[in-house]
Amino acid sequence: MTRAEVVIDLEALRHNVSLLVERASGAESMAVVKADGYGHGAVPVAQAALQAGVTWLGSCSLDEALTLREAGIDAPILSWLDGPAEDFSAAVAAGVDVGVSSVEQLRALSGARVHLKVDTGLSRNGCPPARWAELVRAAAASDNEVYAVWSHLACADEPGHPSVDLQAKAFDEAYDIAREAGLTPKRHLANSAATLNRPDLHYDMVRLGIAMYGLNPLRQKEDLRPVMSFRSEVALVKRVSAGSSVSYGHTWTATRDTTLALVTAGYADGVPRLLSNRMDVWLAGARRPIRGRVCMDQVIVDCGDAEVSVGDEVVLFGSGARGEPTATEWAETIGTIDYEIVTGMYRPRVRRRYVG
Ligand SMILES: *Cc1c(COP(=O)(O)O)cnc(C)c1O
């Protein structure tokens, strides 16, 4: 029996990638596969994305980048969140490009290909503008190859947010300073949201994350197909009478006789306990409510008078095509973002299965 399983639809992924590559209108595309491919599996996602037209891969650490190389992937890879203490000789040996945010980090690098990152307003990673001229001069004088200048947007998922234009302006200024230092780098700035809604900011490459996984960062309608679904099975069915209370704390009580189905996925498998009494599952052809508290290993679903049997498939979240809940609906219900839901699905106990 299947306790709990995550199904990754690589055909949906390739569909999304093709759509996004098309929207990038001539710029190259990087598939961002950090956090084990947003919980979908970095290696299979990278391979499928390369088949569908991306030419670059992005990871947030050298470890993640080297995992891709060990799997035999030879496409260009950028790793961007490594501190100056990292041993970068492995990056050079494996041909992994390094994102550089400081002179200290640059000094740890020799013979590497680097992407100089400027902080244009996110105030996170990236070199602050006050130190940018120093960084580009040091890079120009070093034995590293400066491949690109890049930055990351704070509010691209809020169309019209004034910070986007301000960041773009700061980015253009930083590029001019790099040119004055004698560099002729490429440029990249756009994430998924900016790929979809700011074609003027595509520059030489876009970095595709959440949209590639089929989750739309914008309110505008897009033909994106969620890649991950989360399934389980009914392990036990029982009829209870009106007045029966369900699960720890007895937070729900049946108002009439009903059939309960026990489903073997709980908060240890990625079902947030905050969804207790607040979410449906797809079971026996309909949405049916979770009753009572989500437990560590199981949830209880109210099936009314429907015919349900042990072994019936349960979709906890899916593409939404049949009306089943989606990762986005989960996120909205508990006050987070779908990024956190899908990246949180990488758990040793939950099997991952690839289709398509
Ligand atoms: C995660 C990340 C992306 C992708 O962002 P999405 O919103 O998922 O498209 C792009 N660039 C950088 C630097 C990132 O960290």
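Here is a short chat about the aromatic rings and the ligand site in this predicted model.

Reader: Hi! How many aromatic pairs does the count come to?

Author: Eight aromatic pairs. One of them joins Phe230 and Trp330, which meet edge-to-face with 6.2 Å centre to centre and 75° between the planes.

Reader: Nice. Where in the chain do Phe230 and Trp330 sit?

Author: They come from distant parts of the chain, 100 residues apart: Phe230 is in strand E10 (residues 228–240), and Trp330 is in helix H10 (residues 327–334).

Reader: Is Phe230 buried or exposed? And Trp330, buried or exposed?

Author: Phe230 is buried, because its relative accessible area is 0%. Trp330 has a value of 1%, so this ring residue is buried as well.

Reader: Which residues do ring pairs link into a cluster?

Author: Tyr38, Tyr213 and Tyr339. Two names from that cluster, Tyr38 and Tyr339, come up again around the ligand, where they are listed with Lys34, Ser192 and Ile210 as the nearest of 13 residues.

Reader: Switching to the ligand, then. What lies 2.8 Å from a nitrogen atom of the ligand?

Author: That is a polar side-chain atom of Arg207. The backbone takes part too: a polar backbone atom of Gly209 is 3.2 Å from a ligand oxygen atom, and a backbone N or O atom of Ile210 lies 2.7 Å from a ligand oxygen atom.

Reader: How much of the ligand's accessible area does the protein cover?

Author: The protein covers 94% of the 380 Å² that the ligand has on its own.

Reader: Last one, back to rings: which ring does the charged end of Arg113 sit over?

Author: The ring of Tyr147, at 4.3 Å from its centre. Arg187 likewise lies over the face of Tyr175, 3.9 Å from the ring centre.

Methods: Residues are numbered from 1 along each chain as its sequence is written. This is a predicted model: local features need pLDDT of at least 70, side-chain atom pairs count only at pLDDT 80 or more; totals for chains, interfaces and linings use all residues. Side-chain values use heavy atoms; hydrogens and water are left out. Rings of Phe, Tyr and Trp (its six-membered ring) pair if their centres lie within 6.5 Å; planes under 30 degrees apart count as stacked, over 60 as edge-to-face and the rest as tilted. Helices (H or I, at least four residues) and strands (E, at least two) are DSSP runs, numbered from the N terminus. Buried means under 20% relative accessible area, exposed over 50%, partly exposed in between (1.4 Å probe, protein chains only). A charge sits over a ring if NZ of Lys or CZ of Arg is within 6 Å of the ring centre and within 35 degrees of the ring normal. A residue is near a molecule or strand if one of its heavy atoms lies within 4 Å of it. A polar contact is a pair of N or O atoms within 3.5 Å; within protein, one must be able to donate a hydrogen and the other to accept it, and residues adjacent in sequence count only if both atoms are side-chain atoms. Accessible areas come from the Shrake-Rupley method with a 1.4 Å probe; for residues, only the protein chains shown count as cover.
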